[in-house]
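Welcome, and please take a moment to look over the structure before reading on. The report that follows walks through it one topic at a time.

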Amino acid sequence: MSRDARIPPSPSAEDYARQLEANGDEAEFERDEPFALFGDWLALARERELNDANAVALATADATGLPDCRMVLLKDFDARGFVFYSNAESAKGRQLAENPQAALLFHWKSLRRQVRARGQVEAVTAEEADAYFASRAREARIGAWASDQSRPLPARFALEKRVAEYGLRFGLGEVPRPPHWTGWRLMPEQIEFWRDRPFRLHDRLQFVRAGAGWTRSRLYP
């Protein structure tokens, strides 16, 4: 059976040895709560990943249950959950309004590690959304007003024209947060940490919410 040359071959013995060296610390999987471990992995990803260590796949579903998925950027996290921002009138925003639960997947290719989380989603407070929006570059804030996200765009020029119009509207003054732009917090009921190990015998550590704490278990790969 011929194999498409564009698909990489299976790992060699040397590849497996490097994987064990990078992901063989057993102490990492002795944590009793997930967020400190996530913070350590995110910090390492920021050192190793070339671009957007905080990029995460966000999976949602509409009212009929049809799933959807796209990349967003994590902008905050704490013991309450993971925060991201967008246009509430976008496809993701409409889906979260219809079905306020979602899943996240962080994939740090350079580290050969993943983190998955899923749970209910709630909107952040207006104060949180205002604070983050104010931290964005001015041009990005104007873009949030100009873009009818996920709606049909007749031509690139139409978007550029709207950007220019809003630029003139706000002039040199402050660019406030649009009423349709906000953030969401995914409050995880489950968080799973995955790291690559030789011969596909990977490590999986799952945390499940239990009242104010977590239960922890290892899973077969």
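In this predicted model, ring pairs join F35, F38, F77, F82, F106, W108 and W214 into a cluster. A search of the whole structure turns up 20 aromatic pairs. One of them is formed by F38 and F82, whose ring centres are 5.0 Å apart with planes at 75 degrees, so this pair is edge-to-face. The pair ties together distant parts of the chain, since F38 belongs to helix α2 and F82 to strand β4, 44 residues apart. Both F38 and F82 are buried.

For another kind of geometry, turn to Y166 and F170. Their ring centres lie 6.3 Å apart and their planes meet at 20 degrees, so the pair is stacked. Here the partners share an element: Y166 and F170 both sit in helix α6 (residues 156-170), 4 residues apart, which is about one turn of the helix. Y166 has a relative accessibility of 16% and counts as buried; F170, with a relative accessible area of 12%, is buried as well.

**The nonpolar cores**

Where do the residues with the most contacts inside the largest nonpolar core fall in the sequence? They are F38, F82, F106, W108, V115, I191 and F193, and the core as a whole has 30 residues. Two or more core residues come from each of these elements: α2 (34-48), β1 (55-61), β4 (81-87), β5 (101-108), β6 (113-123), β7 (181-195) and β8 (203-210). Helix α2 provides the largest share, with 6 residues. As a general background, nonpolar side chains in soluble globular proteins tend to be buried together.

F193 is a good residue to click on if you would like to see its surroundings. Setting aside residues up to four places away in sequence, F193 touches F29, P34, L37, F38, W41, Q114, V115, D203, R204, L205 and F207. Apart from the largest core lies another one of 8 residues, including V124, A129, F133 and A144.

**The chain as a whole**

With that picture in mind, you can step back to the full chain. Its secondary structure comes to 6 helices and 9 strands. Taken along the principal axes, the C-alpha atoms fill a box of roughly 60 × 50 × 40 Å. The chain has 221 residues, and 38% of them count as buried. Among contacts with a separation of 6 or more, 64% are between residues 24 or more positions apart.

The accessible surface is about 13,200 Å², and 54% of it belongs to carbon and sulfur atoms. As for charge, there are 33 positive and 33 negative side chains, and the centres of the two sets are 4 Å apart.

**Four residues in loops**

The table gathers four loop residues with their places and relative accessible areas.

| Residue | Loop | Relative accessible area |
|---|---|---|
| N99 | between α3 (91-98) and β5 | 18%, buried |
| R112 | between β5 and β6 | 42%, partly exposed |
| R136 | between α4 (126-135) and α5 (138-146) | 23%, partly exposed |
| F199 | between β7 and β8 | 57%, exposed |

Why does N99 count as buried? Its relative accessibility is 18%, and buried means under 20%. Leaving aside neighbours within four places in sequence, N99 is in contact with A61 and D62.

R136, with a relative accessible area of 23%, is partly exposed. Beyond its neighbours within four places in sequence, R136 contacts R141, A144 and W181. Of these, A144 is also among the residues of the 8-residue core described above. R136 and L111 are 25 residues apart in sequence, and their C-alpha atoms are 29 Å apart in space.

The other two loop residues have a notable backbone angle. Most residues other than glycine have a negative phi. R112, which is not a glycine, has a positive phi of about 55 degrees. F199 is a residue other than glycine too, and its phi is positive, near 60 degrees. In terms of accessibility, R112 is partly exposed at 42%, while F199 counts as exposed at 57%.

Note on methods:
Residues are numbered from 1 along each chain as its sequence is written. This is a predicted model: local features need pLDDT of at least 70, side-chain atom pairs count only at pLDDT 80 or more; totals for chains, interfaces and linings use all residues. Side-chain values use heavy atoms; hydrogens and water are left out. Buried means under 20% relative accessible area, exposed over 50%, partly exposed in between (1.4 Å probe, protein chains only). Contact means heavy atoms within 4.5 Å. Accessible areas come from the Shrake-Rupley method with a 1.4 Å probe; for residues, only the protein chains shown count as cover. Lys and Arg count as positive and Asp and Glu as negative; His and the chain ends are not counted. The place of a charge is taken as NZ of Lys, CZ of Arg, CG of Asp or CD of Glu. A nonpolar core is a set of buried Ala, Val, Leu, Ile, Met, Phe, Trp, Tyr and Cys residues joined through side-chain atoms within 4.5 Å. Rings of Phe, Tyr and Trp (its six-membered ring) pair if their centres lie within 6.5 Å; planes under 30 degrees apart count as stacked, over 60 as edge-to-face and the rest as tilted.
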